[in-house]
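This note is offered to a colleague who is meeting the structure for the first time. Please read it alongside the sequence and the model.

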Amino acid sequence: MTQSRDVVQMEHSWINARLATMTDAGLGLIDGGVVTARDGRIVYAGPANGAPAAAAAITDCGGRLITPGLIDCHTHLVHGGNRANEWAMRLEGASYEDIARAGGGIVSTMRATRAASETELVDSALPRLDALIAEGVTTIEIKSGYGLSTEDELKMLRAARTLSERRSVRVELTFLGAHALPPEYRHDSDAYIDLVVGEMIPAAAPLATAVDAFCEGIGFSPAQCSRVIEAAQTHGLAVKLHAEQLSALHGSALAARHGALSADHLEYATEDDVCAMAAAGTVAVLLPGAYYFMRETKLPPIAAMRRHGVKIALATDNNPGTSPTTSLLLMLNMGATLFGLTVVEALRGVTVNAAAALGLGDEIGTLDVGKACDLAIWDVIDPAELVYRIGFNPLHQRIKDGQ
């Protein structure tokens, strides 16, 4: 876990606002609301008639909507190169699997990432990060997974950590060494998992807070992913899993059995998978950008998730191959239009549920006393506008740690 800067010790109140606190099952709307922060933490969020005495600094929000700062809980923001040429190939009929098996896909990004210096990785990621920050994002998860060697995976994690030093944003680091099979291990995937488990995870543990793996036919088997998860937990790291994106291997149920924070993608998840996630409290992170970009037709089992009470989060899945988007606001609209999420589900998916997907529910995601004062102040009154509009950014001001 990395934080961008020290908090200046002062008290500040934002008054005359419509609050979407996210503290109940809905949006927790409060008209005529006030948020007061001291030392970067919320000390009050509620109606004006219960607010504490006037703070040292006051901002009149003019009736604008305040939500918690947005959280992008699944990204691959740090990488070398791009895969525009592969996108052109897909338009001509090649499948994602065809491209991957021909040496493209993740492995092509691996080559570009290995060739890039740590400084080059930081510099190329900053514009992508800035685009997300400009839409009110205050916390972002960044995965490794394009180095596929100990040295290059650590280089990616260090680059991601540096981003939090260059910008006022919280960065959560996830080690994803089990993302794809590098060419030097193409004939022995078990030997590569030996490397991930025996060398990479111990080396990454001081940097990362979580470990992820790609449980898929073109990735790694459930048995191999189980080894990765067990090694992660041995080193005190939380676990997440790419699961059921292209086929039904029941990786989401595997993740749930290990108490994973989240299982992500989930287009091919079954009712049994969903039940397992519900029992474990594993968050379903849906990635409509990848679904759209890959022109998928198999929808995640949203109705089953609702029936069983699985928390649903949304994220950009920003990556060069299958979701080259830097707009979390667009994911709100895609989550609604493609997956049928309600306004409440979509907005909770980038705030309170996204925080849960990162294991940060006690720290961020709601406007609640004691939590970090991360706010997004919008030039709208109706929260539905944040989900309804396409290609429009109504952010008025972003507040990180009360500043």
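The points below concern one helix and two pockets of a predicted model.

1. Helix α7 covers residues 222-234. With 13 residues at 1.5 Å a residue, α7 should span 18 Å, and the end C-alpha atoms are indeed 18 Å apart, so the expected and modelled spans agree. After the helix comes Gly 236, which has a positive phi, near 75°.

2. The buried residues of α7 are Gln 224, Cys 225, Ser 226, Val 228, Ile 229, Ala 231 and Ala 232. They pack against three strands, β8 (170-178), β9 (210-215) and β10 (238-243), and against the helices α6 (189-204) and α8 (251-257).

3. The largest pocket has a volume of about 430 Å³. Its lining comprises 20 residues, of which Ala 100, Arg 101, Val 107, Leu 181 and Ile 218 are the closest to the centre. Two elements, α2 (96-101) and α3 (106-115), give two or more residues to this lining. By type, the lining of the largest pocket holds 10 nonpolar, seven polar and three charged residues.

4. The second largest pocket contains about 240 Å³ of space. Among the residues that line this pocket are Ala 25, Met 305, Lys 311, Glu 345, Arg 348 and Asn 353. At least two lining residues come from each of α11 (302-308), α13 (343-349) and α14 (352-357). The largest share, three residues, is that of α13. The lining of the second largest pocket divides into six nonpolar, two polar and four charged residues.

Conventions
Residues are numbered from 1 along each chain as its sequence is written. This is a predicted model: local features need pLDDT of at least 70, side-chain atom pairs count only at pLDDT 80 or more; totals for chains, interfaces and linings use all residues. Side-chain values use heavy atoms; hydrogens and water are left out. Helices (H or I, at least four residues) and strands (E, at least two) are DSSP runs, numbered from the N terminus. The expected span of a helix is 1.5 Å times one less than its number of residues. Buried means under 20% relative accessible area, exposed over 50%, partly exposed in between (1.4 Å probe, protein chains only). Contact means heavy atoms within 4.5 Å. On a 1 Å grid over the protein atoms alone, a cavity is a set of points where a 1.4 Å probe fits but cannot get out, and a pocket is an open set with protein on both sides within 12 Å along at least five of seven lines; lining residues have an atom within 4 Å of a point. Grid points are joined across faces, edges and corners, and a volume is the space filled by probe spheres set on the points. Ala, Val, Leu, Ile, Met, Phe, Trp, Tyr, Cys and Pro count as nonpolar, Asp, Glu, Lys and Arg as charged, and the others, Gly among them, as polar.
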